[in-house]
Amino acid sequence: MKQSVGEFKTLMARNGIFMALVLLIIFFSLLNPRFLSMGNAMNVMLQIAELGIIALPLAMLLISGAVDLSVGSIASAAAVNAALTMSATDSIVLGIAVGLIFGAFAGMLNGFLVAYLGLNPIVVTLGFLSVWGGYAMLMTNGRTVTRSELPDGFRELGTAAIGPVPMRLVMLVAAIALAWYVLNRHRIGREVYAVGGSQRAAFLMGISVARIRFGLFAACGVSSALAGIMLAAKVQSASPAIGLNLEMSALTVVLLGGVAFAGGSGRIGGVIAGLLFFGVLRNGLVFLQASPFLQTIIVGLTLVVAVGLDESIQKIVKKSWENRGRAALAEQSRDDEDIKFQTGSAVRS
């Protein structure tokens, strides 16, 4: 009975975000029946597309035991680089390529400093949060690259669709499928979990800890740049502040999804649930006509709750494993006693 209660607690701790998501949808639907409509569901999916593209590789990086707090600034700087290139050359392909190359460079720089020089990932990426934010302001002199300066084709990318499905949603689904495959079916996924669980053990198993983390930082940089360019196409302009607070939103999504901040555990399914929870929360607040300032406060509080949940989940899971270990030892001890008793009886007879 005690073991069943422990297993139930572990199950709830790992899947509580799904129940919270359902309750949140019911709550907003009761306040406004129009909330539960196909049109609004599509709005939620489109609103979280760019955030999801950043959150997925960030989740994998967190599972490996590191974090990137500069993803929002990389998105801003990449969007500005892409927009300025398009404005100067009128080439959409060249502009997108420059933005993505910048994202890869920024991610690899973070990865080199953390993975190969052994610097603290929080300190490094917090520093580059300011560096790339300042760089975006410097490149534009603090102004926004306006719609009239961008090629017509780029402006149309924000509303492009494949049949009835918006392109941004297609890209989000593709990113989810890729992240799920890498983490659950590819050798790299097993190495990511191993590095996050214990760097020492992973090293002894022949896994290059530095290579895994360097690659994940690079993936975070490229995905951040892609998200920044998608945001620029959506709003048809590129502001130096276009990625403002994206890092906090992405981290909130990842922690809500049950990824351990200390690394070693987490699932793509949980991250998707966290992403949907975040999208529904923001969309519901808009439905309730909450002020942007109140939305910012609630998002910040959600991050605090997510960190608290992460701590609680880790304690529950750890306690569950300890209980299982003690139960297994007790069972083994009882079996040994039975064998001794039966053996002793057979000898005496």
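Helices are taken here as DSSP runs of at least four residues, numbered from the N terminus. The model examined is predicted. Two of its pockets are described below, with attention to the residues and helices that form their linings.

The largest pocket has a volume of about 750 Å³. Its lining comprises 24 residues, of which Leu 244, Leu 246, Ser 249, Phe 278 and Arg 282 lie closest to the pocket centre. Five helices each contribute at least two residues to this lining: H3 (49–63), H11 (209–235), H12 (246–256), H13 (268–287) and H14 (292–348). Among the contributions to the lining of the largest pocket, that of H14 is the largest share, with 6 residues. By class, the lining of the largest pocket consists of 13 nonpolar, 8 polar and 3 charged residues.

The second largest pocket encloses about 460 Å³ of space. It is lined by 20 residues, and those closest to its centre are Pro 57, Met 60, Leu 178, Ala 179 and Ala 219. At least two lining residues come from each of H3, H8 (167–185), H9 (187–197) and H11. The largest share of the lining of the second largest pocket is supplied by H11, with 8 residues. Nonpolar residues number 16 in this lining, alongside 3 polar residues and 1 charged residue.

Helices H3 and H11 appear in both descriptions: each supplies at least two residues to the lining of the largest pocket, and each likewise supplies at least two to that of the second largest pocket.

How values were computed:
Residues are numbered from 1 along each chain as its sequence is written. This is a predicted model: local features need pLDDT of at least 70, side-chain atom pairs count only at pLDDT 80 or more; totals for chains, interfaces and linings use all residues. Side-chain values use heavy atoms; hydrogens and water are left out. On a 1 Å grid over the protein atoms alone, a cavity is a set of points where a 1.4 Å probe fits but cannot get out, and a pocket is an open set with protein on both sides within 12 Å along at least five of seven lines; lining residues have an atom within 4 Å of a point. Grid points are joined across faces, edges and corners, and a volume is the space filled by probe spheres set on the points. Ala, Val, Leu, Ile, Met, Phe, Trp, Tyr, Cys and Pro count as nonpolar, Asp, Glu, Lys and Arg as charged, and the others, Gly among them, as polar.
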